[in-house]
Amino acid sequence: MTERSAIHARDVRRVFESRKGFFFNELIRTEALRGVDLDVDHGEIFGLLGPNGAGKTTFTKILSTLLIPTSGSVEVLGLDVVRQAAELRPRIGLVLGGERGLYNRISARENLRYFADIYGVPVVHRDRRIQEVLDRVDLTEAADRRVEEFSRGMKQKLHLARGILHGPEILFLDEPTIGLDPKSARETRKLIRSLVADGVTIFLTTHYMFEAEELCQRIAVLSRGRIVARDTVAGLRKLVGGDRTIEVEAYGFDDGEIQRLNRLPGVSRVMSEEFGPRLRLTMRVRTDELSLEQVRAQLVNHPELAVRERRTSLEDVYLDLVEEEAS
Amino acid sequence: MTEPALRSSFTRTFWVNAIFAPRTSLGFMRLDFVLGTIFIIPLTQMTFFAFVASLSGTPGGVAFVVVGNAVATVTYSSVFSVCQTTDNEKEAGTMEHLLVSPANRFALYFGRGLIPVLASLATVAVAIVYAVTIFHVPFAGGSVGDLAVSITLTAFAMVGFGLLLGGVALYLRTSIILGNIFLFLGLLLSGANFPLSVLPLPLQYVGDLLPLTWGISAVRAALAGAPLGTMLTLWGYVALCGIVSIGLSMALWNTFERRALSTGSIARF
Amino acid sequence: MGASTYSRRVSLVAVLRLSVLTFLADPQWLVPSLIAPVIFGLVSYELFTGAGPWFVLYAILGAGMMSMWGQTLYGSGWATGQDRHLGTLEPTLTAPTPYVYVVLGRVIWNTVAGLFGGLIVFVVVAITYGHPIPLANPLEFLLMFVFVIVTLAAVGVVFAAAYVYTRYAGFVQNVGEFAFYIGTGCMFPVVLLPFWSNPISLVLPPTWALDALRYLAIPGYQGFGWGFWWDMVGAVGTTLLYLGIAASVFRRVERHVLEAGDLNDW
């Protein structure tokens, strides 16, 4: 089989079933993924964004052989994640993060030693490799302390260290900087970039838009179990209607004013949002030709009018896409 | 409009802990728990010791051992379960939130004992039915009323004892170890399997401090149709064990709450 | 670094090492390894003390077996339950090492720890009794004693698979504890049980191994009518059967949990 891309997923669906009630007689079906298609290239950092419960962790677990999809096909590094999981596992790394997933009563070094052994890190290189990853995540000083004494951020670093311990070709990172202080989060992003420089493919889920914008070559937005958009950050900006965002705020606008704003050259969409007594209209603009004066000219009856312009952020794009899907 | 001041009344705290806490951490509301703890464990434990007694010719005979173990099985749904709530709270990270709450501590902790008391009552009642119907323990001269009082007081005292151990466990890393120790000690020091008099004197004194010892004696006496005077004395001891346990548990909760907060052991499990 | 490949030996040693480290770091080991054996020893001594010296030995074997249940059988499954509980089952299952080797390493450790528990029972009863317990064939007895633990470990491996399968395995194991003691006849002959229950007893490897052990320890012992060697055949056969079941079940169990997606539940 030829290796088309690092990750190749087609029509991936996943349904969870659980029972509740005294006699376990109530069956609950939850459709976590509803036909996900995705390709990730070798050596890229690919970001998966989505609100809580969108299916990000479910999809990450399927890619990392921890969960079998209900239907659809997934290949990672050219190997089927269900049928060829044993061949795939030595070549992938997974960082799920959080407070759990570590042996709390032994030291960080002992944790890494255990996982190095069962992940098949050659014994002759083991101690050196453990030291390398400890240095890389800046945990050397705490290496011989029990994990239960670690802060949340230190545990997160240890998760990362374990994920890269066996030198995986592709690394799945599920919210890798959650719980880290700004300095540690920045170091983690630096580490992620250095891994890519070493040829590792990174599949990243995150809630931090600036992180995705800073790190990822391409991004997909997952909402309610479906990919609603996938592109570069610039491409996503275009998708939601433009690079420029103009915001106008006043004590209410009438329908005619909103329609006039919608008809201005380059305006792709106008969204309204209430802020107490005030109303904010957010306009996505495709061209540079539209000036703020032209906007003000449409709203002459509002002496208290505030107009400002900014670059459309990834957060704007994300919120637009997720809200659009929800509506 | 001003918001009303926060109020956490005694009864509100008691009921929310009585109903909610067991659902979150003990699984009392599940069929597997009911079947396992109330119906299966008593039957298998009693059967095991009945066979042992019939082979070994133990001093009290099969009936003695069967009744002793029928009452001893209450340990699972009382001491062990109540004790375990402390661990579950620590693991879930909810213990800190309880400790910073303004709720009345007595209502908070004792409320948690209500469902275990009911489960304990059910466990011993089922076990006594097994004893009389399956193992043919004589009940001709006994009084159902005396038996009911004995079982109720035992359940209450054992849950109180569980709360006491739960208080100690607040300071320890884990309470399961304590629950297990007293589960096993119950087999040795409560007179469940052989009369306490065969043990060395110091161990007899330890046995006398356990509510289970008096609970077993009361149930045996009720089954045998002991006179009211004897029953009142035994009930007095069972109730005393329960009251002292609860009193001590409150004192310990306060002491260990302070110590646990100072050593930081609450966050660990 | 290139793709890693696991070594069975390195993995087994790693699991053994982890088992020892967590055993020493966790005060809970006191219960199955020290407290339970001491109490089981004392209770069984008191129960059987009036029945004569060979009955005391009978009781000790049973108490030893009960304490070994805690360490060997229960411990093997429980460690997997702990993996669920700590959230370490997921990274362990994504490791190239098949999970069955992780379980095997734990079983080896628990076998050693179970032996320790069994010996504690002997020491406690010997001290209470006032002198060492008489044994008919001490050396053969010791070897057989180790074999009894191996039979328990075989059941433990199957239980470990159950723990991977469902978080409720621990509950089943707790509820089934005394039923297992009854079924294996650890403190009384299985022949005392109703006839219908005998087939259940005979599919449990420790039933055969314990009967064989009593043949070695108690002069003139009459257990199953077929004698020591057929006991051994039964013990080896059922042990191999359990190991075979475990070997075939583990892959299916892993598939099941990956389908169910409840690896992280506890």
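# Chains A, B and C: a chat about a predicted model

Visitor: Starting with chain B in this predicted model, how much accessible surface does chain B have, and what share belongs to carbon and sulfur atoms?
Guide: Chain B shows an accessible surface of about 10800 Å². As for the atoms behind that figure, carbon and sulfur hold 71%.

Visitor: How much of chain B is buried?
Guide: Chain B has 269 residues. A residue counts as buried here when its relative accessible area is under 20%. By that cut-off, the buried share of chain B is 58%.

Visitor: What are the elements of chain B, helices or strands?
Guide: Read from the N terminus on, the run in chain B is α-α-α-α-α-α-α-α-α-α-α-α. That fits the tally of zero strands, with the helices of chain B numbering 12.

Visitor: And what share of the chain B contacts with a separation of 6 or more comes from residues 24 or more positions apart?
Guide: Take the contacts in chain B whose separation is 6 or more. Of these, the share from residues 24 or more positions apart is 79%.

Visitor: Moving on to chain C against chain B, which residues of chain C lose the most area to chain B?
Guide: The two chains bury about 3000 Å² between them, with carbon and sulfur atoms giving 83% of it. On the chain C side, three residues together account for 22% of what that side buries. They are Glu46(C), Leu47(C) and Phe178(C).

Visitor: How many salt bridges and polar pairs are there between chain C and chain B?
Guide: Contact itself is there, with 34 residues of chain C meeting 35 of chain B. For residue pairs in polar contact, with both at pLDDT 80 or more, the count is zero. For salt bridges between chain C and chain B, the count is also zero.

Visitor: Which element gives the most to that side of chain C?
Guide: Elements of chain C that give two or more residues are H2 (30-48), H3 (53-86), H7 (169-175) and H8 (177-183), each of them a helix. By class, this side has 30 nonpolar, three polar and one charged residues. The top contribution, 11 residues, comes from H2(C).

Visitor: Now chain A and chain C: how much area do they bury between them?
Guide: The contact involves 39 residues of chain A and 42 of chain C. Carbon and sulfur atoms carry 58% of the buried area, and the total is about 3500 Å².

Visitor: How far apart are the closest N and O atoms of Lys61(A) and Glu90(C)?
Guide: Chain A and chain C have two salt bridges between them. A salt bridge needs the nitrogen and the carboxyl oxygen within 4 Å. Lys61(A) and Glu90(C) form one, and their closest N and O atoms sit at 2.8 Å.

Visitor: Which element gives the largest share of the side of chain A that touches chain C?
Guide: Chain A and chain C have 12 residue pairs in polar contact, both partners at pLDDT 80 or more. Three elements of chain A give two or more residues to this side: strand S1 (7-20), helix H3 (108-118) and helix H4 (123-136). The largest share, six residues, is from H3(A).

Visitor: Last one: is Thr58(A) buried or exposed?
Guide: Thr58(A) belongs to helix H1 (residues 56-63) of chain A. Leaving out residues up to four places away in sequence, Thr58(A) touches Arg14(A), Phe16(A), Ala32(A), Leu33(A) and Leu67(A). Its relative accessible area is 13%, so Thr58(A) is buried.

Note on methods:
Residues numbered from 1 in each chain as written. Chains lettered and ligands numbered in written order. Predicted model: local features only at pLDDT ≥ 70, side-chain atom pairs only at ≥ 80, totals over all residues. Heavy atoms only, no water. Contact = heavy atoms within 4.5 Å. Buried area = accessible area lost by both parts, 1.4 Å probe. Salt bridge = Lys/Arg side-chain N within 4 Å of Asp/Glu carboxyl O. Polar contact = N/O pair within 3.5 Å; in protein donor to acceptor, adjacent residues only side chain to side chain. Helix = DSSP H or I, 4+ residues; strand = E, 2+ residues; numbered from the N terminus. Nonpolar A, V, L, I, M, F, W, Y, C, P; charged D, E, K, R; others polar. Buried < 20%, exposed > 50% of the residue type's maximum accessible area, 1.4 Å probe, protein only. Areas by Shrake-Rupley, 256 points an atom, 1.4 Å probe, with all protein chains shown as cover.
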